[in-house]
Amino acid sequence: MMFELTASALLVAAALPGVRQGSPVPPEDAPRGGRPAWLGPVVGIVAIAALVIGIRGGAVTGPMMPGHMSSSATGMAAPAIEGAPTMDLVATDLAFDRETLTVTAGVPFNISLVNEGRVFHDLSIAELDFMLDANAGQQVAGSLVVEQPGTYVFECSVPGHANAGMRGTLVVEAARSTTDGGA
Ligand SMILES: [Cu+2]
């Protein structure tokens, strides 16, 4: 009985450096502040691991969902309309190849988004509830008809991308503008 208690105490003492007392440990090796010296690196590793997992969970998990890979029209966009005029837009890291898309009010059109970048991008027109999602290397298309002439912001809604340059203007011209002699 007595032996068991002593053995247990010794085991605990050996397993927890911070508990050791009276052993010939040099002062610089003795833990200070109650936290064992080995805990520092461990906490650091755990923190880094949590950070990595957090980043992956936030930025990669969503866009990599299988559902996004199999559909040609993603996000909130209606499917592309065959035969409708199509605006082509190419996304790279971190830009669109066009700053302006011009369409006619009331006329359905398609937007084709090609992601030539190495990360996920989308094309979001918040005012019109329009969004296309494109993984790296993917092409997606959707259709849209805007009844109200005016200008609308299109951008990539991935945090930081619009401010980095992935932003442009959708210009919706009033119908019956042929007398202006467009380009
Ligand atoms: Cu983007």
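**Close-up 1. L89 and L113 sit across from each other where β2 meets β5.** In this predicted model, L89 has L113 of β5 as its bridge partner. That pair belongs to a longer seam: β2 and β5 run parallel and are joined by 6 bridges. L113 turns up again in the nonpolar core, where it is one of the residues with the most contacts.

**Close-up 2. Five strands line up in one open sheet.** Going across, the order is β1-β8-β5-β2-β3, and the pairing is mixed. At the edges stand β1 (78–79) and β3 (95–96); each has a single partner strand, so one side of each has no neighbour in the sheet. Further in, β5 and β8 run antiparallel, with 6 bridges between them. Look for N110 there, standing opposite S143 in β8.

**Close-up 3. A cis peptide bond appears between β2 and β3.** Strand β2 covers residues 86–92 and runs antiparallel to β3, with 2 bridges joining them. One matched pair is T92 and its bridge partner in β3, A95. In the loop between these two strands you'll find L94. The bond joining D93 and L94 is cis, with omega about 0 degrees.

**Close-up 4. The largest nonpolar core draws on several strands.** This core has 22 residues, and the ones with the most contacts inside it are A91, I111, L113, L123, L132 and L170. Two or more residues come from each of β4 (100–104), β5 (109–115), β6 (121–125), β7 (130–134), β8 (139–144) and β10 (167–173).

**Close-up 5. A91 keeps plenty of company from elsewhere in the chain.** Which residues does A91 contact, leaving aside its neighbours within four places in sequence? The list is F96, L113, V114, N115, E116, G117, H121, A134, C156 and M166. L113, like A91, is also among the core residues with the most contacts.

**Close-up 6. P149 sits in a loop and touches residues from other parts of the sequence.** P149 is found in the loop between β8 and β9 (150–155). Is P149 buried or exposed? Neither label quite fits: with 15 other C-beta atoms within 10 Å, P149 counts as partly exposed. Beyond residues up to four places away in sequence, P149 touches A105, V172, E173 and A174. V171 is worth finding too: its C-alpha atom and that of P149 are separated by 7.7 Å, although the two residues are 22 apart along the chain.

**Close-up 7. D129 has an unusual backbone angle for a residue that isn't glycine.** Its phi is positive, at about 55 degrees, even though D129 is not a glycine. The residue lies in the loop between β6 and β7. D129 is exposed because just 11 other C-beta atoms lie within 10 Å.

**Close-up 8. Stepping back, here is the chain as a whole.** There are 3 helices and 10 strands. Follow the sequence and the pattern reads α-α-α-β-β-β-β-β-β-β-β-β-β. Of the 183 residues in the chain, buried ones make up 20%. How many of the contacts between residues at least 6 apart in sequence join residues at least 24 apart? The share is 64%.

How values were computed. Residues are numbered from 1 along each chain as its sequence is written. This is a predicted model: local features need pLDDT of at least 70, side-chain atom pairs count only at pLDDT 80 or more; totals for chains, interfaces and linings use all residues. A nonpolar core is a set of buried Ala, Val, Leu, Ile, Met, Phe, Trp, Tyr and Cys residues joined through C-beta atoms within 7 Å. A residue is buried if 20 or more other C-beta atoms lie within 10 Å of its own, exposed if 12 or fewer, and partly exposed in between; C-beta atoms are placed from the backbone. Helices (H or I, at least four residues) and strands (E, at least two) are DSSP runs, numbered from the N terminus. Two residues are in contact if their C-beta atoms, placed from the backbone, lie within 7 Å. Two strands pair if DSSP finds at least two bridges between them.
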